[in-house]
Amino acid sequence: MRQYSSKHRLLAWATLGGLLLAAPASWAAAPPEAATCIACHGADGMGNAAAGYPRLAGLPEKYLADQLRYFADGARNNAIMAGMAKPLTPAQVTALATYYAKLKPSGKPAPMPTGAAAAEGERLALRGDWDKGIPACIRCHGPGAVGVGENFPGLVGQSAAYIEAQIKAWKDGSRSGDPLGLMHTVALRMTDAQTQAVAQWLAAQPLSPAKSPANSASAKH
Ligand code: HEC
Ligand code: HEC
């Protein structure tokens, strides 16, 4: 009798072990808290452009942890994310940031807009508007705007609507916490038309540093 049940248990363990081994690597690494996040940010961490849920996959770990703290303390004013971030312990914040930073971003860029706005978006992203004191986005966000180091998140893979909303949030004071107020300064100098143009151009860029030149709105260069 005894022998039978321990054999049974062994069998159960072996089956469970097999299931765990069969699970994709990203599952195995997902902390339990991520179960809630998936509803909006997706199992792949790429968010949902239409619903306004941003990409988290592959953003810098420190940046992600900072943002969760900003939502919790109100530096970043968003009712949904405040509710998500406030109950998290510091250890949970670290676990979630580590997990999402390691997920590989995936998916296709939005279609490239056409016309004068697209050319203006490209100009701002790659060269800036020095008359207005706006530096090129790629100076801080890296070549291809794919992100640099632990403070500068990639902008590619985010929807135009999300990028636009963030710049407006810095302008109206509902988003802060950015190191040295760098983005606040940039945002204040941008007109609404410029914000929209650059957001649409960025959303149309590929996720990884292009082997071929960046998707271009204008044929020149
Ligand atoms: C009900 C939907 C929803 C759920 C669930 C949710 N989020 Fe969010 N999340 C959002 C929205 C909306 C934003 C954009 C907020 C804004 O506009 O500032 C966001 C933004 C973020 C950002 C900022 C991203 C960036 O690029 O700056 C992080 C980090 C984040 N969420 C992490 C999480 C984590 C971790 C969880 C799970 C504990 C979670 N979210 C659960 C809707 C959600
Ligand atoms: C002087 C450096 C600098 C320049 C130039 C700059 N940024 Fe940023 N940007 C930052 C920093 C730093 C952050 C991260 C803020 C934080 O940690 O809260 C950021 C964050 C952002 C975010 C938020 C991303 C997210 O996932 O929520 C957007 C959108 C953004 N920048 C757009 C732009 C655009 C568009 C331009 C060009 C017009 C630009 N930035 C130029 C420094 C810069």
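Q: What makes a residue count as buried in this predicted model?
A: A residue is called buried if 20 or more other C-beta atoms lie within 10 Å of its own, and in this predicted model the residues of H11 that meet this cut-off are Thr-195, Gln-196, Ala-197, Val-198, Ala-199, Gln-200, Trp-201, Leu-202 and Ala-203. What covers these buried residues includes H7, H8 and H9.

Q: Why is H11 called largely enclosed by the rest of the structure?
A: Nine of the twelve residues of H11 are buried, and therefore the helix is described as largely enclosed.

Q: How do you know that the length of H11 agrees with what a helix of twelve residues should span?
A: The expected span is 1.5 Å times one less than the number of residues, which for H11 gives 16 Å, and because its end C-alpha atoms are 17 Å apart, the two values agree.

Q: What makes a set of residues a nonpolar core, and which residues have the most contacts inside the largest one?
A: Such a core joins buried residues of the nonpolar kinds through C-beta atoms within 7 Å, and the largest has 23 residues, with Ala-125, Ala-145, Ile-163, Val-198, Trp-201 and Leu-202 having the most contacts inside it. Helices H7 (116-126), H9 (160-172) and H11 (192-203) each supply at least two residues of this core, and H11 gives the most, with six residues.

Q: Which residues are closest to ligand 2?
A: Among the 25 residues that surround ligand 2, the closest are Pro-135, Cys-137, Cys-140, Gln-166 and Asp-178, while H8 gives the most to this shell, with four residues.

Key. Residues numbered from 1 in each chain as written. Chains lettered and ligands numbered in written order. Predicted model: local features only at pLDDT ≥ 70, side-chain atom pairs only at ≥ 80, totals over all residues. Near = placed C-beta within 6 Å. Contact = placed C-beta atoms within 7 Å.
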